[in-house]
Amino acid sequence: MPRLTKKIKEKVNNVLALLDEHYPTEDKCYLHYEKPYELLIATMLSAQCTDDRVNIVTKDLFKKYKSIEDFASADLKELEEDIHSTGFYHNKAKNIIAACRQLLTEHNGELPSDINELTALAGVGRKTANVVRTHIFHIPSIVVDTHVKRISNKLGLVNCDDPVKIEFELMKIFPQDHWGRYNTQVIAHGRSICKARRPDCENCFLAQDCDSYIKK
Ligand code: SF4
């Protein structure tokens, strides 16, 4: 992990201040949901899928399955068809049914807030658990998705590919009040300027603090 050198501290301060200047400072969730467990399911569906696609699918899905019980007793094949367009539908359907059964049998139908209890649910990794902790329980957490992984590496804040390691490294160098909104802001940056295929470095307000730009 990067040592907390003066240079890294300065970079962190600059990057976080600039992100605050250009993007909203409240945690925004791009996935649509009304009930807490719906966010869990939407996040499970978002693996290897865009938020827009998930929102299209969940619009009908949450009308058809109106409760945790409905998901827990869903027919696997039917649920697979319902979520087909999000990809990896077999595993996703299997995990959604299993996770909802666990919520009913182990948690009285309530979402737990504890990271270990969340990640003990079928198909729930730290990313999904941290989305739930951030948006449902407002517990400071860093969600490492594809944008956070890519852009944090480009900036030189981290130097690794493993999302769990990235989460722990960022927790060490960021003040806690930035943990939740870093994800929201970096997603906005990844969609508007630092696009995966063609980052617009010439017009990027983070360029002076970006290792990837400086090294060009
Ligand atoms: S300078 Fe380029 S690579 Fe670095 S954050 Fe900005 S757009 Fe991304």
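**Exercise 1. State which residues are around the ligand, and classify them.**

Step 1. The ligand is surrounded by K154, H189, C194, P199, C201, C204, A207, C210, S212 and Y213, a residue being near a molecule if one of its heavy atoms lies within 4 Å of it.

Step 2. By class, this shell holds 7 nonpolar, 2 polar and 1 charged residues; Cys, Pro, Ala and Tyr are among the types that count as nonpolar, and Lys is one of the charged types.

The model is predicted: local features need pLDDT of at least 70, side-chain atom pairs count only at pLDDT 80 or more, and totals for chains, interfaces and linings use all residues. Numbering runs from 1 along each chain as its sequence is written, and side-chain values use heavy atoms, without hydrogens and water.

**Exercise 2. Describe the interface of domain 1 and domain 2.**

Step 1. The domain assignment (automatic or from a database) gives domain 1 as 6-27 + 142-214 and domain 2 as 36-135.

Step 2. Their C-alpha centres are 28 Å apart. To the contact (heavy atoms within 4.5 Å), domain 1 gives 10 residues and domain 2 gives 7 residues.

Step 3. About 680 Å² is buried between the two domains, 57% of it on carbon and sulfur atoms; this is accessible area (1.4 Å probe) lost on putting the parts together, summed over both. Of the area that domain 1 buries against domain 2, D27, V143 and E167 supply 50%, more than any other three residues.

Step 4. The rule finds 2 salt bridges across the interface, each a side-chain nitrogen of Lys or Arg within 4 Å of a carboxyl oxygen of Asp or Glu.
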